[in-house]
Amino acid sequence: MNSKAMFKLSYGLFMLSAFKDGKHNGCITNTAIQVANTPDRIAFAVNKGNLTHDMVKDTGIFSLSILSEKVTFSTFQRFGFQSGRDVDKFEGCPNYTKGKNGLYHLTEGANAVIEGKVVDQMDLGSHTLFIAEITDMEVLSEDPSVTYSYYQDNIKPKPQAAPAQAGGKTVWRCSVCGYEYEGEEIPADYICPLCKHPASDFDKIVK
Ligand SMILES: Cc1cc2nc3c(=O)[nH]c(=O)nc-3n(C[C@H](O)[C@H](O)[C@H](O)COP(=O)(O)O)c2cc1C
């Protein structure tokens, strides 16, 4: 079995936001799709370790900014590499506004916003799969939606190529966010502390 087959699945990228107890928060997700059209339904999966997960689970209300190819790496840093448990992610964020349901969505680097209400959910182990109905949606621009592979090829900064040296240090670099785990082998159950992606998303590099 080759787990790299998962990399052949195509994904969009999104900023999922929520609001609870006076706090706005959001995280980057690559797992949102339309799953029905009569009525319109979308599904998205969120890691249970994410604050956004708990906020959506508790309130059932969310806003999904569909990211476009104009999105900058700083958006991923702001919403994907740090937790709302530690910072206010919207503080200093230059490009957001309040939607019809009172939640924040991005106004630049996003081509549409979908607001919704969770109608069902399933425990998937590491993630919860939320099924939602749409309460409002708007198109923000005609820029193409960003794909996960476009992010990898054009938005995520390329790591500095370090020449391999005999007896050099082995690190495992997260192909999603660039976080480096030091060690000859990476534990099979390792989860990236920054972006929560699994060991299979890490590439071995000898520096
Ligand atoms: C490119 C990219 C894709 C990501 N995809 C997902 C995803 O599909 N599901 C998820 O739960 N987290 C995903 N993350 C990780 C969360 O955005 C990240 O853990 C975030 O810091 C959680 O913030 P929170 O604790 O404030 O909710 C992704 C991060 C990046 C950079």
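Strand 10 (residues 170-174) and strand 12 are joined by 5 bridges and run antiparallel. Strands here are DSSP runs of E with at least two residues, helices are runs of H or I with at least four, and both are numbered from the N terminus. Two strands count as paired if DSSP finds at least two bridges between them. Within this pair, Trp172 stands opposite Lys204 in strand 12. The model is predicted: local features need pLDDT of at least 70, side-chain atom pairs count only at pLDDT 80 or more, and totals for chains, interfaces and linings use all residues. Residues are numbered from 1 along each chain as its sequence is written, and side-chain values use heavy atoms, with hydrogens and water left out.

Strands 10 and 12 belong to an open sheet of 3 strands, with the order 11-10-12 and antiparallel pairing. Strand 11 (180-182) and strand 12 (202-206) form the edges, each pairing on one side only. Neighbouring strands of this sheet are turned by 30 degrees against each other on average, direction ignored. Axes are lines fitted to C-alpha atoms, for helices over the stretch in contact; angles run from 0 to 180 degrees between N-to-C directions.

A second open sheet has 7 strands in the order 2-1-5-8-9-4-3, again with antiparallel pairing. Strand 2 (23-29) and strand 3 (32-37) stand at the edges with a single partner strand each, so one side of each lacks a neighbour in the sheet. Neighbouring strands in the 7-stranded sheet are turned by 35 degrees on average, direction ignored. Strand 4 (residues 40-47) and strand 9 (residues 127-139) run antiparallel and share 7 bridges. Ala43 has Ile131 of strand 9 as its bridge partner.

A salt bridge also connects these two strands. The term denotes a side-chain nitrogen of Lys or Arg within 4 Å of a carboxyl oxygen of Asp or Glu. Glu133 pairs in this way with Arg41, the closest N and O atoms being 3.8 Å apart. Glu133 lies in strand 9 and Arg41 in strand 4, 92 residues apart. The structure holds 12 salt bridges.

Two helices lie across strands of the 7-stranded sheet. Helix 1 (residues 51-59) crosses six strands, among them strand 1 (14-20), strand 5 (61-67) and strand 8 (110-123), and runs at about 60 degrees to strand 1. Helix 2 (residues 73-80) lies across strand 1, strand 2 and strand 5, at about 120 degrees to strand 2.

The domain assignment, automatic or from a database, gives domain 1 (3-152) and domain 2 (159-206). Their centres, taken over C-alpha atoms, are separated by 26 Å. The contact (heavy atoms within 4.5 Å) takes 11 residues from domain 1 and 10 residues from domain 2. The two domains bury about 810 Å² between them, 43% of it on carbon and sulfur atoms. Buried area is the accessible area (1.4 Å probe) lost on putting two parts together, summed over both. In domain 1, Phe7, Phe81 and Tyr148 lose the most area to domain 2, together 43% of what that side buries.

Across this interface the rule finds 0 salt bridges. It finds 2 residue pairs in polar contact, both at pLDDT 80 or more. A polar contact is a pair of N or O atoms within 3.5 Å; within protein, one must be able to donate a hydrogen and the other to accept it, and residues adjacent in sequence count only if both atoms are side-chain atoms. Helix 3 (residues 148-155) gives the most to the domain 1 side, with 3 residues. Gln152 is found in helix 3. The side chains of Gln152 and Lys156 make a polar contact of 3.1 Å. Neighbours within four places in sequence aside, Gln152 is in contact with Lys158, Ser175 and Val176.
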